[in-house]
Amino acid sequence: MCGIVAYIGNQEAYPIILKGLQRLEYRGYDSAGVALLDQKLTIYKKKGKVAELEGSLIGKNLHAKSGIGHTRWATHGEPSDRNAHPHRSPSGKLAMVHNGIIENFAPIKKELQNKGYVFQSDTDTEVLLYFIEDIYHNDATSLEEAVRIALKRIIGAYVIILLDEAHPDTLIAARKGSPLVIGIGKNEHFLASDASPIIEYTKEVVYINDYEMAIVKPDELILKNPGNERITPFITKLDMELAAIEKGGYEHFMLKEIFEQPTAVFDCLRGRLDAKAGTIRMGGIDKHLELLKEAKRIILVGCGTSWHAGLLAEYVFEELCRVPVEVEYASEFRYRNPVINPGDVIIAISQSGETADTLVALENAKNQGAFIFGVVNVVGSSIARLSQAGAYTHAGPEIGVASTKAFTAQITVLYLIAIKLGYAKGCLSRDRYLHLIGELALVPDKISEVLKSAPAVAALAEKYKDARDFLFLGRGYNFPIALEGALKLKEISYIHAEGYPAAEMKHGPIALVEDSLPVVFVATKDSYHDKLISNAQEIKARKGSVIAVISENDTVFQDIADETIAVPAADEILAPLLSVVPLQLLAYYTGLAKGLDVDKPRNLAKSVTVE
Ligand code: M6R
């Protein structure tokens, strides 16, 4: 949440920072700002999206070789010009951007107010900046030292970057709990919340770790630990192409990412699944196979869509591996006092690898002795680094706020793990094992087939776009998909939507059904199919409109439902990889039909780095 970007070197800083902010805008888009240093420090900030800031700066002289920028997801204080970052210190000489939350900002603010400081914004960031400057003027010999002293007192999460009018050749950055990457160019450095603003200029990056501080000059990167000792920066080569973070002719990232799913699933299987040889090779699993086979319990931890992937994995692991499984919302798990026993394996699921709740839940569990296995998309992210073993999902950068291809890649990895482990444990016959991996190999082509339904789904979206509420129902493996369909629709179209196990309807929610309430059934052919038919009849009897995702040639459901979208036949365990796609399309086209910004839905941000 919040995107930060900074530049120091020989090029003009503003265009680099502006482009960086546009690339990071998925992280928050309530307001944006930039501070540029060319002898004097100038700060420009504006409520709204980065385009508003850009528009307000046309015709200005923005010459500077260093600068910092920010795109905000509001935590403390409403979105407004004055709460936008960068903030300026009381002397006017320092500017700072921040991503994260300073939890103990209130007592520090009080102390500073007692000293006579008057704040210009409602933000926690401004408090930290004033605090740093107060220490800088009274108790420290350098800004670097002032930052170090100040951060010792701070509770919360942060990445901060400071610009000091007195030292135009230096940026100071520090991190705890929020991400920071530094790109190394020729006599220049690029700092950002993720690699997307950097990739265009250099592939050599350093991921900054918690509690590290960076003193960045055009030609030098000094990294220090909290004890003020220098540490050697570990340079990584980015394995990402610029095209992957551009729209490539699509109207929105979300649509591009929905259509990238055949490739995302294929990339996820590539090098791992060999259907002809009948093998699944996964380094992270092979190395720890005995530990995983002996696991007494698997606990899946995630948030939002990643939690839905975990819920589906619960069904799959129980069925294929005969191991007890629990699925936990990271935000609850971290604050409970969970019983973690030797032999428990935690599977962390996260697209970004930076979700604050998931990260802290894992740290807690790791401290209690749990083994952490990460299923993460973003290479080098905090959760990936915290995990003791893992499997990347290889979905490629996901920029639309609504998670789509990351979800299908997550569940693909989880299927691979479950099939491999189930077979290794002797819970799966060779025939069943070979059948499942053969079926998994067919999924990318089958998703391409499903995508052909896009125009039909767009027409459906147009028809139902004015509905006030939607229900999404499924059973078994398709129950998590019903939840995911509801989440997608609400976040993109702002229509109230609920997901339920279909059989739960008569325990309460059926009271909501009235004339033409759209009820989406995720009804691909499986062991629950007959039951689901009865559930759909119950909706029709109460005049609800039934929209059903069905297996091709399912004439029974075609007769009951008002609308159907057919997907190719598949093994019932794997069917969610297909049944979720029309629901993603439904959310996308409904948002579009309502004239909404589907890539940047209101109040949301892609990477939830605050709790
Ligand atoms: O990066 P993560 O997978 O850890 O993110 C978890 C959720 O914030 C995320 O899945 C969210 O629910 C998506 N916006 C849903 O589309």
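Which atom lies 2.6 Å from a polar side-chain atom of Ser352? In this predicted model, the answer is an oxygen atom of the ligand. Two further short distances turn up here, and both involve the protein backbone. A polar backbone atom of Gln351 is 2.7 Å from a ligand oxygen, and a backbone N or O atom of Ser403 lies 2.8 Å from an oxygen atom of the ligand. With the protein around it, the ligand is well wrapped up: on its own it has 410 Å² of accessible area, and the protein covers 91% of that.

So much for single contacts; now for the surroundings. The ligand sits in the second largest pocket. It is surrounded by 15 residues, and the closest of them are Ser306, Ser350, Ser352, Thr355 and Glu491. Sorted by chemical character, the shell is made up of eight polar, five nonpolar and two charged residues. Two helices show up in this shell with at least two residues each, namely α10 (304-321) and α17 (479-493). On the scale of domains, both domain 2 (249-451) and domain 3 (452-611) contribute at least three residues apiece to the shell.

Moving on to the backbone, a couple of spots deserve a look. Most peptide bonds are trans, and most residues other than glycine have a negative phi. The bond from His85 to Pro86 goes the other way: this peptide bond is cis, with omega near 0°. Pro86 is found in the loop that links β4 (66-72) and β5 (87-88). Then there is Asn228, which is not a glycine but still has a positive phi, near 70°. Asn228 also belongs to a loop, the one between β13 (220-224) and β14 (230-231).

Methods:
Residues are numbered from 1 along each chain as its sequence is written. This is a predicted model: local features need pLDDT of at least 70, side-chain atom pairs count only at pLDDT 80 or more; totals for chains, interfaces and linings use all residues. Side-chain values use heavy atoms; hydrogens and water are left out. A residue is near a molecule or strand if one of its heavy atoms lies within 4 Å of it. A polar contact is a pair of N or O atoms within 3.5 Å; within protein, one must be able to donate a hydrogen and the other to accept it, and residues adjacent in sequence count only if both atoms are side-chain atoms. Accessible areas come from the Shrake-Rupley method with a 1.4 Å probe; for residues, only the protein chains shown count as cover. On a 1 Å grid over the protein atoms alone, a cavity is a set of points where a 1.4 Å probe fits but cannot get out, and a pocket is an open set with protein on both sides within 12 Å along at least five of seven lines; lining residues have an atom within 4 Å of a point. A molecule sits in a cavity or pocket if more than half of its atoms lie within 2 Å of its grid points. Helices (H or I, at least four residues) and strands (E, at least two) are DSSP runs, numbered from the N terminus. Ala, Val, Leu, Ile, Met, Phe, Trp, Tyr, Cys and Pro count as nonpolar, Asp, Glu, Lys and Arg as charged, and the others, Gly among them, as polar. Domain bounds come from an automatic or database domain assignment.
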